[in-house]
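Visitor: Please take a close look at a single part of this model, the second largest pocket, and at what lies around it. What lines the pocket, and which elements supply the lining?

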Amino acid sequence: MADLQALANAVIKGNQAESVRLTKEALGEGIGPKQVLEDGLIAGMGVVGVRFKANEVYIPEVLISARAMKMAMEVLEPKLAAAGVAPLAKALVGTVQGDLHDIGKNLVVMMLKGAGFHVEDIGVDVKPDVFVEKIKASNAQIVGLSALLTTTMPAMDKTIAAIRQAGLDCKIMIGGAPVTQIYASKIGADGYAADAASAVDVAKSFLN
Amino acid sequence: MTGKERVKKAFRCEPTDYVPWVPFVGCHGGALLKINAQDYLKSSEFIVKGVREAIRRYRPDGIPVLFDLQVEAEVLGCDLKWASNNPPAVVNHPLSNGTKLEQLQIPAADQGRIKIALDAARQLRHEHPDIALYGLITGPFTLALHLLGTDLFMQMFDESSYIKKLLDFSGQVSQSMSRYYIEAGCDVIAMVDPMTSQIGPQQFAEFVTPCVTRIFESIRQQGALSSFFVCGHAQQNIPVMCGCRPDNISVDENIPLDYVRDECLTKNISFGGNLQLTSVLLLGDEIDAQKNAIACMEVAGQKGFILAPGCDLPYDTPIKNLEAIAPVVRDSYKRQVVMTMAARSDEDDRLNLKEYGQADKVIVDIITLDSEACAPCQYMVDAVKKVVPEFEGIVEWREHKIKYRESIVFMASLMVRNVPTICIDGQITFVSRIPPRDELIAAIQKRINEKFRMRIHQKKASLYVLDGGDEKTAMVRERIAQAVQELGAEVQIETINDPDTIYSYGVTPGQTPAVVMAQYQLKSLKQVPEVVVIKEWLKNI
């Protein structure tokens, strides 16, 4: 019988080939796609997230784990769709207007995907009205705003104001090197994530 | 000891008279000249002017020529997106767009903005021989990321030998840049490699240590000093950074300074940092900046420490915040004042002293640390003490020692921010300056004259004619009316017939007609005066 713990370990190690092989094997043995996702892939990425927060692993390890998960997801996604398994929630993530930094934003995207969210990455230097437009189009329930510069932090404020003004019913979290919980509260964000792994915790807290 | 000597001694962990202060002025130099970051970072003339202005205002011991980690990347083919109030950002990466590593050449000293930086370095060296000049170079890992993009992280696993070759190349670029800056006269080469904060110590040791160690060794051989700058959450890498044998490690507020101190000093490496860039220097005030500087110095201790911001100063960093730092670095007395004031009260605790100074006497308040313990405070108190008797009782003076909480509240309420300060009737008059006798007398006299004028304008009165039924009452009223008219005085005249009210003035009906005068003085409007203020009024009764 396929070993979902071994699949989780393959994701933790960032072993793409092994992740794909074990996913196929599990599905072939009739294990439900939801169980493969949760007990294999998400379980593996969950461990990576915990280790990242504890400074036991760093960005390169997270990236290769996320890539292993992504390859396995390509096998798994059609099966999930056929079985009617919905993602945890829809999230949309972007770096705010005037800011070109994408490493932090990309990590958040990967970690959210790794936790079972459907994530749309709308890139960097995103204007407030584009956020509004994309949220409307995707019906995202969770929105993540990233900024790395002190000078682009005010664009977060403007983006949140635009989203609120458009009357969109979504939870907004913010993050990035200069951002703090105090700033998040000040501009009316629903949550603040200190790092990519914490972004998953914040996003999950929105679902409760 | 010159600034340069001070920085050099600190780098060698030798004793200094005070901690050297090195503000990392990059695009902020543009703000000092009121021009945008793009114009500033593209002109050696502006860079020289900006650094010159920073030296004049911030009184540093050392300063970088330029803080821009995109200079080398731009020459090597990265496109930049320029901003008005930030350094430029790299927007594409040649090695991920078809360029081969073998095609890249080590930049020459006259290429692109390298020439601008070196011209500025030579000019600044000529103008400021006594300041430690820092040449900033992009660290190999950060430069490699500029060249390849974030694929670098995964390729550390997938194609580690290629990444090692890339880092070897970017290390050679850093080494050449360090040579150019040393030849242009820089004393310190600061290798800035912030992206190493994204990797762990094992990867650091495998990929970064070999090329970086070579760079520091080459700087040493050229007789210059080296500093390894990192910013972000890079605490995990401090031990491996020390292993690369730089002369100094500089960190930002993400890493506890005591940790860096302990790691570095045991290996005889000096260290620097970690003034808070955003929350204090950019968004705080001068007092916040001074408190933060003192906190850094207290944690760091005297040995082998350079006080500096965590990284490139933001363009809009308030000038006054940076100007406030040199005084507390150089003067232990100023540090003591700031620390005492650190316990200053919140806005809520402040007294409403709007009406302070309305008493008949002129009040001279001297806010001191303690005139028995601090010389400037003592001289200021003495100056006031000597002058006051000349006013023969109409001037009172008081000392407020801010070692007591009520004095701190009083000081904050009067908006006093420096010690010692003289306030005359609540107005800040002499700040940190002992006034010459004549000047002090003139200031007090000016206030006496003001009060005199005010009193004439403010006074209103009522005259009560106590009428016990005597026929002379009408005559009294007539004469009062005539006097008021002739003087143009603002006086109300009222006739009182009620025997009880007449008695209340201590007059019997047999003593009428009598005249009682009551003077009124407006003391406060639409507010609740503090008890201390009311007491001042009552003393005049």
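Guide: Helices and strands here are DSSP runs, a helix having at least four residues and a strand at least two, and they are numbered from the N terminus. The model is predicted.

With those names, the second largest pocket can be described by its borders. Four elements of chain A, namely α3 (33-53), α4 (59-82), α5 (103-114) and β2 (118-121), each supply at least two residues of the lining, and so does α8 (151-158) of chain B. The pocket thus has lining residues from both chains. Its volume is about 840 Å³. The lining consists of 34 residues, and those closest to the pocket centre are A:M73, A:E77, A:K113, A:G114 and A:F117. The element that gives the most to this lining is α4(A), with 10 residues. Sorted by class, the lining holds 21 nonpolar, five polar and eight charged residues.

The contact between the two chains comes next. Chain A puts 14 residues into the contact and chain B puts in 21 residues. Between them the chains bury about 1,600 Å², and carbon and sulfur atoms account for 68% of that area. On the side of chain A, A:Y58, A:P60 and A:L100 supply 32% of the area buried against chain B, more than any other three residues.

Side chains of opposite charge can pair when their charged atoms come close. Between chain A and chain B the count is two salt bridges. A salt bridge joins the side chains of A:R67 and B:D158, with N to O at 2.5 Å. A:R67 falls within the range of α4 (59-82) of chain A, and B:D158 within that of α8 (151-158) of chain B, two of the elements named for the pocket lining. Four residue pairs are in polar contact across the interface, with both residues at pLDDT 80 or more. On the side of chain A that touches chain B, α4(A) gives the most, with six residues. That side divides into eight nonpolar, two polar and four charged residues. Helix α4(A) therefore appears twice, as the element that gives the most to the pocket lining and as the one that gives the most to the chain A side of the contact, under the definition of helices as DSSP runs.

The loop between α3 and α4 of chain A holds A:N55. Phi of A:N55 is near 60 degrees, a positive value in a residue other than glycine. Both of the helices joined by this loop are among the elements that supply the pocket lining.

Chain A also has a salt bridge in helix α2 (residues 16-28), where A:E25 and A:R21 lie four residues apart, about one turn of the helix. The closest N and O atoms of A:E25 and A:R21 are 2.8 Å apart. Over all chains, the whole structure has 39 salt bridges.

For enclosed space, the count is one cavity of 30 Å³ or more. The largest cavity holds about 40 Å³ of space. Its lining is made up of B:L66, B:D68, B:V71, B:E72, B:L136, B:I137, B:T138, B:M177 and B:Y181. In chain B, α5 (71-75), β4 (132-138) and α9 (160-183) each give two or more residues to this lining, and β4(B) has the largest share, three residues. By class, the cavity lining has six nonpolar, one polar and two charged residues.

One further feature of chain B concerns its backbone. B:T512 and B:P513 are joined by a cis peptide bond, with omega about 0 degrees. B:P513 sits in the loop between α22 (499-504) and β16 (514-520) of chain B.

Key
Residues numbered from 1 in each chain as written. Chains lettered and ligands numbered in written order. Predicted model: local features only at pLDDT ≥ 70, side-chain atom pairs only at ≥ 80, totals over all residues. Heavy atoms only, no water. 1 Å grid on protein atoms, 1.4 Å probe; cavity = no way out; pocket = protein on both sides within 12 Å on 5 of 7 lines; lining within 4 Å. Points joined across faces, edges and corners; volume = space filled by probe spheres on them. Nonpolar A, V, L, I, M, F, W, Y, C, P; charged D, E, K, R; others polar. Contact = heavy atoms within 4.5 Å. Buried area = accessible area lost by both parts, 1.4 Å probe. Salt bridge = Lys/Arg side-chain N within 4 Å of Asp/Glu carboxyl O. Polar contact = N/O pair within 3.5 Å; in protein donor to acceptor, adjacent residues only side chain to side chain.
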